[in-house]
Amino acid sequence: RRSGQYTMNHDHSKKTPDGASFDRSGSQDSLDELSMDDYWKELENIHETRGNNHEERVALVVKEPDEGELEEEWLKEAGLSNLFGESSGDSLESVVFLSTLTRTQKAAVEKRVETVTQTMRKKNKQHQIPDVRDIFRVQNDSKGKVCDGSEPSTVRTSENKSETQDGTKGPNFSLGMDEQKTPAEDMPFSDTDINLEISFSEQAANLKDSSIGKMCKGGGGDTLLPNFRLPKDKTGTTKIGDLAPQDMKKVYSLALIELTALYDILGTEFKQQKAVKIKTKDSGLFGVPLSVLLEQDQKKVPGTKIPLIFQKLIAQIEEATLETEGLLRIPGVATRVKSLCQELEAKFYEGTFNWENVKQHDAASLLKLFIRELPQPLLTVEYLKAFQDVQNLPTKKQQLQALNLLVLLLPEANRDTLKVLLEFLQRVIDHRDKNKMTLKNVAMVMAPNLFTFHGFGSKTIEQSEFVMAAGTANVMRFMIQYQKLLWTIPKFIVNQVRKQNTERQKKEKKDKAMKKLLKKMAYDREKHEKQEKTPND
């Protein structure tokens, strides 16, 4: 078994319907140190609260897409829907966008276009179906070219000039596109430095065949997490929130393509899930979509970005003191939590709810309940599975890079709420000497609340869920530990956005000049024709 996946000995395992009691004597690997007890106890508490919840929840149905549908959806999400279908044509935006992609990113796009094209041919759709090679022929830049479509997912890396330098600690990467040479090529990066200058998928492609790729292998299993950091950058780092909304749209498209390219190179399947729309509550506090909550909160407090109830619950927990032993781990009294929940629904917005009677452990249980009751998971239906699959990537650095891209893909409301949650969890951990809640414990307790979602899978704990449990706890640890790095927009993406903007401006300028010229020509012709008609004296 890969390190970082929790395994159990079949002979000793005793399955119970609610997954509560297990003889875990068969566990192997370094996860022995990560006592999973907190995880299963938390799951037991969750089932208990659910049992008390008489209203039957509508489980979210996750739709299995048809062949080619997934790729078509992917291209739409990446802003490239005009590469196929009725709207297929030579859109300026797409041409400019494609010209800024790295080779690994282009290969990811090619692979999806190829699938959509084949599906369309099968269905014999009438509209024009482009050849995948024509799409990239627009940029007659031989250096940025990918393979000729026969094997789009394999990317040539051998032509890269810089092999690993002997004597340096880390690899020295170079991009396959001459115009994107950066000073980073002269700088050796250490194992714990996160190189934001060069596309993550390019780094993975370059690492794949080099011996360095075999270093920090092994998923998130071992207890010690490396001290990853961002090397100092003279131009500063770009954080989420620094860019204008129209640029963030481009960041989203590039992050989606980059994450897909990274998963392609590493041989992990990247599938966006799709939820079938269900009827959700359009008012209240618990079980209400984030967007609806924020809409009603913004009427009370304009500019609110985090649900007010969420902010208030965190403030309530902190008010008591974060030194309480077993904070977040010890559940509140289930019946009391239920009646508090009903009372909050009735009185929170009225301002008549009495917070003085709320005990700290009850407030912590309400906070977790709020997260679980969201009609769609905080990490979204689309990307919940991708967040879980981060544990399958070969190195910790790649896991961190994938999480960085996934955070960029979350809708703003989800991302902002997650940020506030992670910052709060870090503050709890800062008091670990008193509250006995280490990073490991907090991750164990919070993982089931973020990752076991009522729309996915069955209630009984299977072997695969056992593996998933340890994996999601590790992903949770990563998110808490490296939260400051995760809200950074990688420099190579910022550069791609900048390049798109300048290219578009150039093209617009050219178009403007051309229009002006055509106008002048039309005016001159008209003038000339008038003169022809008027007989000369």
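Start with helix 8, residues 290–300, where the buried residues are L290, L293, L294, Q296 and D297. Look down the helix axis. The buried residues of helix 8 fall within an arc of 170 degrees, so they line one face of the helix. Now turn to the other side of helix 8. There, E295 and K299 are exposed. Bear in mind throughout that this is a predicted model.

What covers the buried residues of helix 8? Select helix 9 (308–320), helix 11 (360–373) and helix 14 (412–430), which are among the elements that do so.

**The whole chain**

Zoom out. The protein chain has 19 helices and 4 strands. Of its 537 residues, 51% are buried. Consider the contacts with a separation of 6 or more. Residues 24 or more positions apart account for 80% of them.

**Aromatic pairs**

Show the aromatic side chains next. The structure holds 11 aromatic pairs. Select F286 and F370. These two form an edge-to-face pair, 6.3 Å centre to centre, with 70 degrees between the planes. Which parts of the chain does the pair link? F286 is in the loop between strand 3 (274–275) and helix 8, while F370 is in helix 11. The two are 84 residues apart, and the pair links distant parts of the chain. Both F286 and F370 are buried.

Move to F348 and W355. They too form an edge-to-face aromatic pair. The centres are 6.5 Å apart, and the planes make an angle of 85 degrees. F348 is buried, and W355 is buried as well. Add Y349 and F353 to the selection. Together with F348 and W355, they form one aromatic cluster.

**Helix 11 and helix 16**

Go back to helix 11, and add helix 16, residues 439–451. How do the axes of helix 11 and helix 16 cross? They come within 8 Å and cross at roughly 30 degrees. That makes helix 11 roughly parallel to helix 16. Show the side chains in the contact. Helix 11 brings K368, I371 and R372. Helix 16 brings V445, M446, N449 and L450. By class, this contact of helix 11 with helix 16 has 4 nonpolar, 1 polar and 2 charged residues.

**Helix 4 and helix 7**

Now pick another helix pair. Select helix 4 (residues 103–123) and helix 7 (residues 245–265). Their axes are 8 Å apart, and the helices pack at an angle of about 90 degrees. Helix 4 and helix 7 are therefore roughly perpendicular to each other. Which residues of helix 4 meet helix 7? They are T104, Q105, A108, V109, K111 and R112. Across from them in helix 7 are I257, E258, T260, A261, D264 and I265. The contact of helix 4 with helix 7 has 5 nonpolar, 3 polar and 4 charged residues.

**Helix 2**

Keep helix 4 and helix 7 on screen, and add helix 2, residues 69–77. The buried residues of helix 2 are L70, E71, W74 and L75. Why do they line one face of the helix? Seen down the axis of helix 2, the buried residues fall within an arc of 135 degrees, so they line one face. What covers these buried residues includes helix 4 and helix 7. Follow the chain out of helix 2. G79 comes after the helix, with a positive phi near 75 degrees.

**Helix 6**

Select Q203, which is found in helix 6, residues 200–209. Is Q203 buried or exposed? Its relative accessibility is 4%, so Q203 counts as buried. Now add L262. Q203 and L262 are 59 residues apart in sequence. In space, they are 9.0 Å apart, C-alpha to C-alpha.

**The loop after helix 9**

Finish in the loop between helix 9 and helix 10 (334–347), which holds T321. T321 is not a glycine, yet it has a positive phi of about 130 degrees. At 33% relative accessibility, T321 counts as partly exposed.

Select L328 for the last stop. L328 lies in the loop between helix 9 and helix 10. L328 has a positive phi of about 80 degrees, although it is not a glycine. L328 is buried, with a relative accessible area of 1%.

Notes: Residues are numbered from 1 along each chain as its sequence is written. Side-chain values use heavy atoms; hydrogens and water are left out. Axes are lines fitted to C-alpha atoms, for helices over the stretch in contact, and angles run from 0 to 180 degrees between N-to-C directions. Angles under 35 degrees count as roughly parallel, over 145 as roughly antiparallel, 65 to 115 as roughly perpendicular and the rest as oblique. Contact means heavy atoms within 4.5 Å. Ala, Val, Leu, Ile, Met, Phe, Trp, Tyr, Cys and Pro count as nonpolar, Asp, Glu, Lys and Arg as charged, and the others, Gly among them, as polar. Buried means under 20% relative accessible area, exposed over 50%, partly exposed in between (1.4 Å probe, protein chains only). The arc is that of the directions from the helix axis to the C-beta atoms. Rings of Phe, Tyr and Trp (its six-membered ring) pair if their centres lie within 6.5 Å; planes under 30 degrees apart count as stacked, over 60 as edge-to-face and the rest as tilted.
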